[in-house]
Amino acid sequence: MDTGKDSALSHPRAAAKTGKVALPAALDAPRHDLATEHGGRIHYYADTSATGRPLVLVHSINAAPSAFEMKPLFQQYRSQRPVYALDLPGFGHSDRSNRRYSPSLFANAIVDFLEKVVGKPCDLVAFSLGCEFAAQAALIKPELVESLVLISPTGFSARRLPTGQAAERAHKVLSVPVVNDGLFALLTSRPSIRFFYKQAFHGAIPPEMIEYAYATSHQPGAKYAPLYFLSGQLFTPNARESVYANVAQPVLVLYDRDPNIDFHELPDFLSHHSNWRAERIAPTRGLLQWEQPAQTAAAIDRFWSIPQAA
């Protein structure tokens, strides 16, 4: 269902004065909804005015993510090829129902989108934890994914996150309303959002990022998916070997420094997987598509120009 351009491009602060925070469109592009088998209703932005192999953009997972994180890349490529940007289940304008969120749910929602909307082989570009889901989608439907670009991907850190029963116990604690309401309110206040972005930016933080993160994290049901993230349940155990090592498509990793993860195990992984390559985009601290958009696009273009990835 096409929802059209959103008149809510008004500033979220104005709506906040009425006690309600409006959620603007993340991108100035045609908007649509897709009913998926695995992720419920997912919202997406599309510019299909150009021809060529489709490009699909997948955002990260945190307390306040959305397709807005991928805006610089959407703007960069929208005149060159068909471009799509998703709001993953539980975020942005997508369904935020109270249900169990898992890596499988997100990966299969991406697959549903590739099958029902894109319908042909595409290039996937994903960010942070979204990289694990994109790689899983490429394993489920390899014929629909030509290549992967992973920006600051999780899964290569020497640090181990809680999984299994430990993550279940953490989510049980976080599921207590008086606990999660207070915690989520604290994490999504403007000072907290500004603090987290300050860690993720080497330079100045675009003010619109703070405002959009605040607006998207103050919608009905906004806490449900992030609680699974905060408890560690959205990270695939040993994603490096259980997911990434099985990807057969050409893969480019773009990274530098990141306040939340490290890439300690990436060099060794690259030495054992010839279809993977990496470029460092410096100076950045995670959001390199925002801090160094020209360098990022140039690296992606070089990767796509390699015959294997064409």
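**Entry 1: Asp-112**

I looked up what Asp-112 touches, setting aside residues up to four places away in sequence. In this predicted model, the list is Leu-34, Thr-36, Glu-37, His-38 and Val-117. I placed Asp-112 in helix α3, which covers residues 103-118.

Next I checked for a salt bridge. Asp-112 has none, although this residue is buried. Which side chain of opposite charge is nearest to Asp-112? I found Lys-116, at 4.9 Å. A salt bridge needs a side-chain nitrogen within 4 Å of a carboxyl oxygen, so I logged no bridge for Asp-112.

**Entry 2: His-59**

I found His-59 in the loop between β3 and α2 (71-77). Is His-59 buried or exposed? I noted His-59 as buried, because its relative accessible area is 0%.

I then looked for a polar partner. A polar atom of the His-59 side chain lies 3.0 Å from the backbone nitrogen of Leu-88.

I also pulled the contacts of His-59, leaving out neighbours within four places in sequence. They are Pro-65, Ser-66, Ala-67, Glu-69, Met-70, Leu-86, Asp-87, Leu-88, Phe-91, Phe-127 and Gly-130.

**Entry 3: helix α4**

Gly-130, a contact of His-59, is among the buried residues of α4, so I turned to that helix. Helix α4 spans residues 130-140. How many of its 11 residues are buried? I counted nine, so the helix is mostly covered.

The buried set is Gly-130, Cys-131, Glu-132, Phe-133, Ala-134, Ala-135, Gln-136, Ala-137 and Ala-138. I checked what these residues pack against: β3 (55-58), α3, β5 (122-127), β6 (145-151) and α10 (239-242). Helix α3 on that list is the helix that holds Asp-112.

Methods
Residues are numbered from 1 along each chain as its sequence is written. This is a predicted model: local features need pLDDT of at least 70, side-chain atom pairs count only at pLDDT 80 or more; totals for chains, interfaces and linings use all residues. Side-chain values use heavy atoms; hydrogens and water are left out. Helices (H or I, at least four residues) and strands (E, at least two) are DSSP runs, numbered from the N terminus. Buried means under 20% relative accessible area, exposed over 50%, partly exposed in between (1.4 Å probe, protein chains only). Lys and Arg count as positive and Asp and Glu as negative; His and the chain ends are not counted. Contact means heavy atoms within 4.5 Å. A polar contact is a pair of N or O atoms within 3.5 Å; within protein, one must be able to donate a hydrogen and the other to accept it, and residues adjacent in sequence count only if both atoms are side-chain atoms.
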